[in-house]
Amino acid sequence: LEQGEKALIFSNEQNSAVFKINVIIWLAYKHFRYYKITKSNLINGNLTDDDKSKIKEIRDYFMKKYSQSIMFIHLPDMDISTIKKKTRYYALQYGYTVSLIDTLKMDYSDGVADVSYHKLIEDTRTLDSLAKRFNLIELCSFQLAPSTLGKLFLDVTCLSGAKAVKDTCENLFLMRVAYKDELDKSKKLYCSPFRRKMVEDIDENGDIKNTWITEKFEPNPDKIYRIFFIDKCRSGQNSGDSGEAMLLEFDANHSVFKEVAYCKPKRLLIQ
């Protein structure tokens with residue numbers, strides 16, 4: 001939206017009220033730098049007069065800047081035919097350029113007998129064709145399979161449903177909770193967080209050159225972290241090749257993720 005795109009959001013996971021709460025909290029934190037409002041306070045109505053005044057300001061800002069560039073559609077089921085119709089309509093009539101589906105999964109509306117992984121693969125190819133036809137940015141979220149809980153290094157095999165959806169993706173990102181032992185350097189599972197920093201150095205000819213160095217990063221034990229993997233990237237290196245992932249700090253109270261470091265998760269399975 002900040003780059004001038006118009007976003008069409010389909011969701012079968014949450015309704016528009018939940019989505020609006022997340023947007024208000026995120027704008028309060030990221031744009032207005034107002035940290036007093038938390039998600040739980042907003043949901044429960046535990047707001048001061050200053051909070052209410054700031055929320056009104058945030059809503060006015062949203063209506064002025066984003067309201068004409070975003071459309072939220074709640075779907076009770078993963079109905080690909082409805083998504084096709086709505087996407088085509090908003091792309092042609094209103095110039096929408098982004099389609100986001102949360103969450104793309106198998107459609108159970110026609111009964112269990114008709115459910116197959118082939119249908120999910122077919123749906124992703126349909127969306128890919130739709131995106132190319134109308135020059136759209138297509139974003140989809142998937143679920144991780146519960147059976148992969150405890151796998152420390154994520155890859156496409158952790159997806160719930162058809163793994164072949166990766167073939168259609170330009171990029172495939174996977175994210176999970178960071179376990180406490182991964183953040184404790186005294187433990188076997190320590191993920192060795194680090195940051196890269198560019199410094200000036202002098203070469204043998206006396207010329208100044210820029211060199212990348214790594215610095216250790218100490219996670220805060222009182223904070224919540226996520227580990228973010230790049231399983232597929234057509235324009236760069238993926239986590240499987242580099243052995244690296246990103247360590248994100250998750251602030252649930254304000255719906256914010258922060259990129260704080262790189263890390264090297266172990267290729268192990270824990271119970």
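Is Tyr 94 buried, partly exposed or exposed? With a relative accessible area of 45%, Tyr 94 is partly exposed. The points below place this residue, and several others, in the predicted model.

1. **Confidence.** The model is predicted, and the chain has a mean pLDDT of 90, with 96% of its residues at 70 or more. The pLDDT falls below 50 over residues 110–114, a stretch that has 0 contacts in the model beyond near neighbours in sequence. Where pLDDT is low, the predicted coordinates should not be read in detail.

2. **Overall form.** The chain contains 6 helices and 10 strands. Its C-alpha trace spans about 60 × 55 × 45 Å along the principal axes. Of the 271 residues, 39% count as buried. The accessible surface comes to about 16,500 Å², and carbon and sulfur atoms account for 50% of that surface. Among contacts with a separation of 6 or more, 63% join residues that are 24 or more positions apart.

3. **Tyr 90 and Tyr 94.** Both residues belong to helix α4 (residues 80–94), where they are 4 residues apart, about one turn of the helix. A pair of aromatic rings is described by the distance of the centres and the angle of the planes. For Tyr 90 and Tyr 94 the centres are 5.7 Å apart and the planes stand at 35°, so the pair is tilted. Tyr 90 counts as buried because its relative accessibility is 13%, whereas Tyr 94, at 45%, is partly exposed.

4. **Other aromatic rings.** The whole structure holds 13 aromatic pairs. In one of them, Tyr 61 and Tyr 66 meet edge-to-face, with 5.9 Å from centre to centre and 80° between the planes. Tyr 61 and Tyr 66 are both buried. Together with Phe 32 and Phe 62, these two residues form one aromatic cluster.

5. **Charges over rings.** Two arginine residues deserve attention here. The charged end of Arg 196 sits over the ring of Tyr 262, at 4.6 Å from the ring centre. The charged end of Arg 267 sits over the ring of Phe 153, at 4.0 Å from the ring centre.

6. **Salt bridges.** Side chains of opposite charge can pair when their charged atoms come close. A search of the whole structure finds 13 salt bridges. One of them joins Arg 196 to Glu 244, at 2.9 Å from N to O. This pair links distant parts of the chain, 48 residues apart: Arg 196 is in strand β6 (residues 194–202), and Glu 244 is in the loop between α6 and β9 (245–251). Arg 196 is partly exposed at 37% relative accessibility, while Glu 244 counts as buried at 16%.

7. **Further charged pairs.** Arg 234 and Glu 170 also meet in a salt bridge, at 3.4 Å from N to O. They lie 64 residues apart, Arg 234 in the loop between β8 (224–233) and α6 (239–242), and Glu 170 in the loop between β4 (137–140) and β5 (171–177). Another salt bridge, at 3.3 Å, connects Asp 155 with Lys 151. In addition, Lys 223, Glu 249 and Lys 258 are linked in a network of salt bridges.

8. **A buried loop residue.** Ser 69 lies in the loop between α3 (49–65) and β2 (70–74). Its relative accessibility is 17%, so Ser 69 counts as buried. Apart from neighbours within four places in sequence, Ser 69 is in contact with Leu 1, Glu 5, Lys 6, Ala 7 and Tyr 96.

Definitions and conventions
Residues are numbered from 1 along each chain as its sequence is written. Side-chain values use heavy atoms; hydrogens and water are left out. pLDDT is the predictor's confidence in each residue, from 0 to 100. Contact means heavy atoms within 4.5 Å. Rings of Phe, Tyr and Trp (its six-membered ring) pair if their centres lie within 6.5 Å; planes under 30 degrees apart count as stacked, over 60 as edge-to-face and the rest as tilted. Buried means under 20% relative accessible area, exposed over 50%, partly exposed in between (1.4 Å probe, protein chains only). Helices (H or I, at least four residues) and strands (E, at least two) are DSSP runs, numbered from the N terminus. A charge sits over a ring if NZ of Lys or CZ of Arg is within 6 Å of the ring centre and within 35 degrees of the ring normal. Accessible areas come from the Shrake-Rupley method with a 1.4 Å probe; for residues, only the protein chains shown count as cover. A salt bridge is a side-chain nitrogen of Lys or Arg within 4 Å of a carboxyl oxygen of Asp or Glu.
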